[in-house]
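Got the viewer open? Let's take a walk through this one together, picking a selection at each stop.

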Amino acid sequence: MSVTVRFFASLREQVGAGQLDIETPAANARELWSQATALPLDPHVRVAINQAYADVDAPIADGDEVAFFPPVTGG
Amino acid sequence: MIIELRETPYDPYAELGAFTRRRADLAGKAGANAVFVGTMRDFNEGDTVEGMFLEHYPGMTEKELERLCTECSEGAGVLELLVLHRVGHVEPGEHIVLVSVWSVHRAEAFRVCRDVMEELKHRAPFWKRENLGERQRWVEKNTPG
């Protein structure tokens, strides 16, 4: 299946990409992270699937947009 | 509920004046209006901050703000809720966030205004990168509310 992977803020800089469109057999965001990056997955990293917060072990599906980002600091 | 992201500086007090003039229907109905304005400081963690870039997640940031505003105001008798948040380059002294809540009585206005700010700080996808002059630094966590 194909998914869009997005990285924001400091994670985008560490990974070296803001967006990747990839073919993947990954069942969840955790497996997708391992395929898309060579970095360990910090437990503070937040995950969103289709622009809503999701658990890192929640299943992903064909066409999903999966985002990884550090703790938020707005306001 | 009005949620807006703004790329340019704004005057929150002028925004509120203009909004209340447009929304004459709130007059006589809203007995209370609680307002929070968050402004950029020129110092953080012992360093002088010259400016910052506010990154966001276009699409999700607006959706998450809508979700948290809906949750915070559910069943609270809120008549109107306005959230205005800057994105992009911000200079010290410029206003970052405006939260304004209109309700019948003060208790709901105070509570919802604070709840929206706390939820925004913990959930809304924004990230601050500070310009310290000779280097840039990502802000890693919020100051306690």
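Start by selecting helix α3 of chain B and showing whatever surrounds it. The cover over the buried residues of α3(B) includes β4 (52-54) of chain A, along with β2 (32-39), α2 (60-73), β6 (78-86), β8 (95-103) and β9 (126-131) of chain B. Before you go on, keep in mind that this is a predicted model.

**Stop 1: along helix α3(B)**

Now strip the view back to residues 106-123 of chain B, the 18 residues of α3. From the first C-alpha to the last, this helix reaches 25 Å, close to the 26 Å expected at 1.5 Å a residue. Which of its residues are buried? Colour these: B:E108, B:A109, B:V112, B:C113, B:V116, B:M117, B:L120, B:K121 and B:R123. While you look at the spacing, remember that an α-helix has 3.6 residues a turn, so residues three or four places apart point the same way.

**Stop 2: zoom in on B:V112**

Click on B:V112, which sits in helix α3 of chain B. Is B:V112 buried or exposed? Its relative accessibility is 0%, so B:V112 counts as buried. Next, show what B:V112 touches, ignoring neighbours within four places in sequence: the contacts are B:C72, B:S73, B:A76, B:V78 and B:V101. Try a distance label between the C-alpha atoms of B:V112 and B:A76: they are separated by 7.8 Å, while the two residues are 36 apart along the chain.

**Stop 3: over to helix α2(B)**

Two of those contacts of B:V112, B:C72 and B:S73, are also among the buried residues of α2(B). Select the whole helix, then highlight its buried set: B:M60, B:T61, B:E64, B:L65, B:L68, B:C69, B:C72 and B:S73. The 14 residues of α2(B) should span 20 Å at 1.5 Å a residue, and the end C-alpha atoms are indeed 20 Å apart. Then step just past the helix to B:G75, which takes a positive phi of about 70°.

**Stop 4: two loops with a positive phi**

B:G75 is a glycine, but the next two residues on the tour are not. Pick B:E45, in the loop between β3 (43-44) and β4 (47-48) of chain B. B:E45 has a positive phi of about 50° although it is not a glycine. With 59% relative accessibility, B:E45 counts as exposed.

Now jump to chain A and select A:Q51, which lies in the loop between β3 (46-49) and β4 of that chain. A:Q51 is another non-glycine residue with a positive phi, here about 65°. Is A:Q51 buried or exposed? At 12% relative accessibility it counts as buried, because the cut-off for buried is under 20%.

**Stop 5: all of chain B**

Zoom out and show chain B as a cartoon. How many helices and strands does chain B have? You should find three helices and ten strands, and following the sequence gives the pattern β-α-β-β-β-β-α-β-β-β-α-β-β. The radius of gyration of chain B is 16 Å, close to the 15 Å that the globule rule gives for 145 residues, so chain B is as compact as a globular protein of that length. Its C-alpha atoms fill a box of roughly 55 × 30 × 25 Å along the principal axes.

Buried residues make up 47% of the 145 residues in chain B. Of the chain B contacts with a separation of 6 or more, 77% are between residues 24 or more positions apart. Switch to a surface view: chain B exposes about 7,400 Å², and carbon and sulfur atoms supply 51% of that. Colour by charge and you can pick out 19 positive and 25 negative side chains in chain B, with the centres of the two sets 3 Å apart.

**Stop 6: all of chain A**

Finish with chain A, which has two helices and five strands in the order β-α-β-α-β-β-β. Chain A has a radius of gyration of 11 Å, close to the 11 Å from the globule rule for 75 residues, so chain A is as compact as a globular protein of that length. Along the principal axes, its C-alpha trace spans about 35 × 25 × 20 Å.

In chain A, 49% of the 75 residues are buried. Among contacts between residues at least 6 apart in sequence, 46% join residues at least 24 apart in chain A. The accessible surface of chain A comes to about 3,500 Å², with 50% belonging to carbon and sulfur atoms. For a last look, colour the charges: chain A has 4 positive and 10 negative side chains, and the centres of these two sets lie 9 Å apart.

Notes: Residues numbered from 1 in each chain as written. Chains lettered and ligands numbered in written order. Predicted model: local features only at pLDDT ≥ 70, side-chain atom pairs only at ≥ 80, totals over all residues. Heavy atoms only, no water. Helix = DSSP H or I, 4+ residues; strand = E, 2+ residues; numbered from the N terminus. Rg over C-alpha atoms; globule rule 2.2 N^0.38 Å. Buried < 20%, exposed > 50% of the residue type's maximum accessible area, 1.4 Å probe, protein only. Contact = heavy atoms within 4.5 Å. Areas by Shrake-Rupley, 256 points an atom, 1.4 Å probe, with all protein chains shown as cover. Lys, Arg positive; Asp, Glu negative; His and termini not counted. Charge placed at Lys NZ, Arg CZ, Asp CG, Glu CD. Expected span 1.5 Å × (residues − 1).
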